[in-house]
Amino acid sequence: MPNQKILYITTEMYPYQEDTNLASVVNKMALKMHNEGNDVRVFMPRFGQISERKFQLHEVIRLSGMNIIINDLDQPLIIKVASLPGERLQVYFIDNEEYFKRKQSYFDDEGTAFEDNDERAIFFARGVIETIKKLNWVPDVIHLNGWMASFVPVYLKTYYGSDTYFKDAKIVLSVYNEKNAALSSTISEKLKFDNISDLKSLEDPSFESFVIESMNYVDTIVKGDEFLNENLDKAFNEASTPKSEYLDVDSIKTLY
């Protein structure tokens with residue numbers, strides 16, 4: 001069904017990241033839906049390894065300039081945009097000097113997870129939500145990809161629960177086998193600042209636990225990888241949310 005407004009929120013997308021399954025799938029889904037006549041937007045973090053010059057990113061002044069309060073600190077939100085190389089598909093990048101300038105995504109050169117990955121995920125989720133509202137563009141479908149994106153439905157159904165802007169949007173969560181890592185034990189305090197508490201994921205906060213948590217806050221779940229790891233597969237099978245086994249890119253629109 002063309003003429004839908006489809007929002008892809010993702011942590012990776014080819015060619016901005018190497019050709020992982022997640023990055024490749026998001027690229028193919030977004031392009032296919034765009035080429036079929038839908039109004040497609042993609043939002044992702046502007047990690048430091050993404051070359052602004054190579055991909056011709058430029059700041060959108062009218063969308064930048066907001067501050068997002070994380071753990072009682074004001075963090076400036078910078079929005080950049082580019083067209084997917086060779087295509088007329090707009091990709092928006094959430095940026096912030098403190099959180100996204102570093103060259104690595106989630107782990108330092110020794111493989112240790114960054115202590116502020118929780119704050120980066122909160123900033124990303126809220127940054128996407130606030131920017132969409134500022135664009136005055138209401139999506140019909142929100143498709144989440146990557147662990148950071150899993151914070152979006154949690155915020156939409158709690159912090160933004162009384163906001164009617166997204167009330168008719170249907171949320172799809174694709175679940176992928178991503179490298180897992182613990183999140184800071186202080187994340188509960190940071191979420192409590194936004195009046196978010198009583199999440200099961202806070203018992204043992206990690207990338208994976210928040211993906212599993214978000215399964216309860218979306219309209220449908222789909223396997224992004226054909227075979228999920230044991231924890232994700234168990235959570236997928238036990239979730240009461242409507243779900244779909246792995247779908248190839250040509251079949252994904254059946255969900256929409």
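The legends below describe close-up views of a predicted model.

**Figure 1. The whole chain, with its eight helices and eleven strands.** The radius of gyration of the chain is 17 Å, close to the 18 Å that the globule rule gives for 256 residues, so the chain is as compact as a globular protein of that length. Taken along the principal axes, the C-alpha atoms fill a box of roughly 45 × 45 × 40 Å. Of the 256 residues in the chain, 55% are buried, and the accessible surface comes to about 11800 Å², with 45% of that surface belonging to carbon and sulfur atoms. Among the contacts with a separation of 6 or more, 68% are accounted for by residues 24 or more positions apart.

**Figure 2. The hairpin formed by strand 4 and strand 5.** Strand 4, which covers residues 67-70, and strand 5, which covers residues 73-76, run antiparallel and are joined by four bridges. Within this pairing, Ile68 of strand 4 stands opposite Gln75 in strand 5. Two residues lie between the strands, and Asn71, which is in the turn, has a positive phi of about 55°.

**Figure 3. The surroundings of Thr11, in the loop between strand 1 and helix 1.** The loop that holds Thr11 follows strand 1 (5-10) and leads to helix 1 (21-35). Thr11 counts as buried because its relative accessibility is 0%, which falls under the cut-off of 20%. When its neighbours within four places in sequence are left aside, the residues in contact with Thr11 include Gln17 and Leu22, as well as Met44, Pro45 and Phe47, and also Tyr106 and Glu178. A run of further contacts of Thr11 is made up of Asn145, Gly146, Trp147, Met148 and Ala149.

**Figure 4. The surroundings of Met29, in helix 1.** Met29 is buried, with a relative accessible area of 1%. Leaving aside neighbours within four places in sequence, Met29 is in contact with Tyr8, His143, Asn145, Tyr176, Val249, Ile252 and Tyr256. Asn145 is thus a contact of Met29 and is also listed among the contacts of Thr11. For a sense of scale, Met29 and Asp95 are 66 residues apart in sequence, and their C-alpha atoms are 24 Å apart in space.

**Figure 5. Two of the 17 aromatic pairs that the structure holds.** Tyr99 and Phe100 form an edge-to-face pair, with 6.5 Å from centre to centre and 70° between the planes, and both of these residues are buried. Trp147 and Phe207 form a stacked pair, with 3.9 Å from centre to centre and 5° between the planes. Trp147 lies in the loop between strand 8 (141-145) and helix 5 (151-157), whereas Phe207 lies in helix 7 (residues 207-214), so this pair ties together parts that are 60 residues apart in sequence. Trp147 and Phe207 are both buried. The residues of the two pairs belong to one aromatic cluster, whose members are Phe47, Tyr99, Phe100, Tyr106, Phe107, Phe123, Trp147, Phe151, Phe207 and Phe210.

**Figure 6. Charged ends over the rings of Phe114 and Phe236.** The charged end of Arg102 sits over the ring of Phe114, at 4.6 Å from the centre of that ring. In the other arrangement, the charged end of Lys243 sits over the ring of Phe236, and here the charged end is 5.7 Å from the ring centre.

Key: Residues numbered from 1 in each chain as written. Predicted model: local features only at pLDDT ≥ 70, side-chain atom pairs only at ≥ 80, totals over all residues. Heavy atoms only, no water. Pairing = 2+ DSSP bridges. Buried < 20%, exposed > 50% of the residue type's maximum accessible area, 1.4 Å probe, protein only. Contact = heavy atoms within 4.5 Å. Phe/Tyr/Trp six-rings, centres within 6.5 Å; stacked < 30°, edge-to-face > 60°. Lys NZ or Arg CZ within 6 Å of the ring centre and 35° of its normal. Rg over C-alpha atoms; globule rule 2.2 N^0.38 Å. Areas by Shrake-Rupley, 256 points an atom, 1.4 Å probe, with all protein chains shown as cover.
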